[in-house]
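Here is a short report for someone meeting this structure for the first time. Look at the model, then read on.

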Amino acid sequence: MHNVLTILATASLLLSACCSGGDKAKAVYLDYEAPIEERVEDALSRMTLEEKVAIVHAQSKFSSAGVPRLGIPTLWTSDGPHGVRAEVLWDKWSQAKWTNDSCVAFPALTCLAASWDRELAALYGRSIGEEAKYRNKHVLLGPGVNIYRTPLNGRNFEYMGEDPYLASQMVVPYVKGVQSNNVAACVKHYALNNEEECRHTTDVDLSDRALYEIYLPAFKAAVQEGGAWSIMGAYNLYRGQHLCHNKRMLKDILKGEWGFDGAVVSDWGGAHDSDEAIANGLDLEFGTWTDGLFTGPSNVYAQYHLANPYLERLRDGRASEEELNDKCRRVLRLMMRTSMSGNNSLGEMCSEAHYAAARKIGAEGIVLLKNDNGLLPVQPGVRKIAVMGENAIKMMTVGGGSSSLKAQHEISPLKGISDRAAAAGIEVKYARAYVGSTDGSQDGITAGVKINEDRDAQTLAAEALELARESDLVIFVGGLNKNKRQDCEGCDREFLDLPYNQSELVAALAAVNPNIVVCLVSGNAVTMPWLDAVPSVVQAWYCGSEAGNSLADVLFGDVCPSGKLPFTFPAALADSPAHQEGMQFPNPDKVYYKEGIYVGYRWFEHKDIKPLFAFGHGLSYTSFQYGDAKLSSSTMKRGGSITVSIPVTNTGKCAGAEVVQLYVTDDECSVDRPEKELKGFEKVFLQPGESTVVKIALDESALQYFDEQAHRWVAEKGRFTVQVGSASDDIRSTASFELR
Ligand code: BGC
């Protein structure tokens with residue numbers, strides 16, 4: 001209903017703007033059919049200096065002013081990447097206590113990335129965009145594509161893993177999907193925001209090769225291929241300058257080299273200096289003094305760096321109107337594409353289709369890490385299942401920072417497993433086993449399920465062991481959670497091990513019942529000292545509203561698992577490049593990324609370190625046989641391309657999907673290059689016995705490295721090898737060709 005009212009109100013405002021006396025010239029900016037650039041110029045030409053400044057900064061926590069006199073409506077933003085955030089008060093983080101702002105929580109972006117499925121990324125984007133549209137939001141603050149550099153980063157769950165190619169391929173359809181609703185994606189956090197603890201002071205430096213080859217490609221793809229209409233600057237610094245007004249990153253690279261025509265939005269409270277904000281490419285300032293009127297100066301929005309301080313500089317000539325016009329054009333363009341697009345579809349919220357999308361994405365992203373003796377899927381002989389662990393009952397859509405949601409419902413793993421088991425006549429009993437964190441609230445939203453527990457650790461463990469002994473199968477659901485120092489914004493994890501003594505507990509459970517499956521609910525890698533004693537391990541991510549159903553789909557074999565890890569699981573923290581000898585963590589001050597381009601699997605392969613689970617790893621209930629990879633030619637010409645054909649057969653007993661991964665190695669190079677780099681993948685669904693030939697095209701861009709001296713991408717002539725396989729450490733076929 002409120003949507004309809006908003007549309008009517010906007011329409012009448014526009015009508016009065018068109019027809020009010022004085023300005024008789026045709027209002028092109030109100031003509032939805034007119035080219036956007038003409039509309040932008042027309043609107044700009046009608047605006048006063050004050051009106052121009054008013055559209056480049058916030059007027060509330062999540063909105064910026066339109067131009068009321070011209071009938072240009074308020075621009076509304078909302079978090080975030082996994083669902084549309086509940087309404088907060090005008091000037092506070094606290095809830096507005098609406099009763100109609102519950103959403104569908106979609107799986108966290110790590111899970112989406114683990115699906116390696118571009119179509120699912122498009123479905124995700126379209127669906128969340130529809131929810132945003134229904135809620136009358138014009139800019140969705142997401143997706144996030146910061147590279148997974150350390151497993152301790154509290155915010156990794158919101159991102160798409162460690163590989164620039166995978167993240168690029170997944171972010172593009174997401175962005176397009178969101179924007180198909182005339183809702184802007186706001187890709188974040190541009191860039192190098194790879195840890196949280198000291199995010200306002202961490203000052204990153206790195207080689208240009210690492211910057212261009214590892215940390216920028218997903219942003220570039222979102223902008224150039226996805227056509228993102230806005231981008232959010234990161235909190236931290238790069239070479240001594242905050243990223244929300246960092247000249248090199250915003251003016252030189254984003255707007256200069258990539259030709260970005262959208263708006264640069266500051267992260268909330270990420271702008272610190274008026275002169276830099278004006279000069280270095282920030283277009284829309286949000287969240288300065290993020291507690292609003294309470295901790296900032298009075299009249300806070302007028303005091304924003306791009307508000308009165310900007311006006312003063314414009315009036316006394318320290319800032320130019322030309323520069324202001326550039327910002328305004330970008331903001332107006334954003335408005336014409338969204339709030340002024342003329343797309344009055346209502347969108348939809350909490351629809352069956354959205355729940356189905358969330359469930360499917362969750363099930364396709366869940367990764368089967370280990371499955372000895374065919375323990376999974378749950379076998380017909382199983383009559384009694386013991387579900388254990390706090391994460392089987394803890395709501396994970398609340399918490400974690402700005403991505404926290406007010407989900408209309410959240411199916412817990414216990415509920416999902418119990419419902420599915422009941423349908424098969426299997427008995428399920430639950431034991432808590434340990435207490436981690438009983439806290440389930442953020443910003444006034446409290447998890448629907450209370451998980452207080454008075455019994456001590458010994459009693460809980462004893463109960464769990466007893467139940468494990470008398471059950472046919474133990475499903476332990478543990479991992480991390482969305483509380484501070486776990487998977488949570490604003491702070492990082494302190495160690496790689498599982499918290500709350502879970503590892504000891506898992507080992508003890510495995511000793512009394514070896515038929516044990518460990519499901520890890522997390523967005524990050526953990527250590528697994530008990531791995532040898534546990535036959536089955538499932539990486540279950542944060543799957544949102546339908547989490548329990550997605551997990552049950554996989555555990556019971558209704559969905560054959562096909563997810564593949566979007567990041568490496570190190571065996572120990574020191575194996576990870578960000579934690580190598582001599583590196584400190586967290587970084588309150590300067591940090592140099594001395595591993596350079598060797599991030600994730602590139603590092604593990606370069607240093608010959610065996611990971612616990614490699615990038616791209618993920619098992620299935622069926623098996624796939626690869627034939628020999630064949631190339632369309634033994635040479636590639638400059639500017640040409642080559643097609644790699646890979647026969648794949650489902651040789652197992654159930655239908656399933658395989659992600660065929662293609663890595664490229666530069667065999668003859670004058671510079672250091674990784675052992676191999678992901679440059680192509682396809683996910684194929686095959687019936688038992690069915691075969692297909694997967695074709696992946698490579699062009700010169702797949703062979704390039706970034707030449708720092710020449711400041712350009714270079715592919716050196718000579719031999720290249722393509723390595724095709726089921727994981728980065730499971731290569732099934734290779735072939736080589738020459739670039740001439
Ligand atoms: C986060 C952003 C978020 C913004 C608004 C910031 O603290 O870093 O990702 O979009 O708040 O909630």
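Strands β28 and β29 pair in the antiparallel sense. Strand β28 covers residues 718-727, and strand β29 covers residues 730-739. The pairing runs over 9 bridges. At one point, Ala727 stands opposite Asp730 in β29. Keep in mind that this is a predicted model.

The two strands belong to an open sheet of 5 strands. The order is β21-β29-β28-β23-β24, with mixed pairing. Which strands form the edges? They are β21 (635-636) and β24 (677-686), and each of these pairs on one side only.

Now to the ligand. It is surrounded by 15 residues. The closest are Asp79, Arg155, His189, Tyr235 and Asp267. By class, this shell holds 6 nonpolar, 2 polar and 7 charged residues.

Some side chains place a polar atom by an oxygen atom of the ligand. The table lists the distances.

| Side chain | Ligand atom | Distance |
|---|---|---|
| Asp79, polar atom | oxygen | 2.4 Å |
| Arg85, polar atom | oxygen | 3.2 Å |
| Lys188, N or O atom | oxygen | 2.9 Å |

How much of the ligand does the protein bury? Taken alone, the ligand exposes 310 Å². The protein buries 96% of that area.

Asp79 thus appears twice in this account: it is among the closest residues to the ligand, and a polar atom of the Asp79 side chain lies 2.4 Å from a ligand oxygen.

Notes: Residues are numbered from 1 along each chain as its sequence is written. This is a predicted model: local features need pLDDT of at least 70, side-chain atom pairs count only at pLDDT 80 or more; totals for chains, interfaces and linings use all residues. Side-chain values use heavy atoms; hydrogens and water are left out. A residue is near a molecule or strand if one of its heavy atoms lies within 4 Å of it. A polar contact is a pair of N or O atoms within 3.5 Å; within protein, one must be able to donate a hydrogen and the other to accept it, and residues adjacent in sequence count only if both atoms are side-chain atoms. Accessible areas come from the Shrake-Rupley method with a 1.4 Å probe; for residues, only the protein chains shown count as cover. Ala, Val, Leu, Ile, Met, Phe, Trp, Tyr, Cys and Pro count as nonpolar, Asp, Glu, Lys and Arg as charged, and the others, Gly among them, as polar. Two strands pair if DSSP finds at least two bridges between them. Helices (H or I, at least four residues) and strands (E, at least two) are DSSP runs, numbered from the N terminus.
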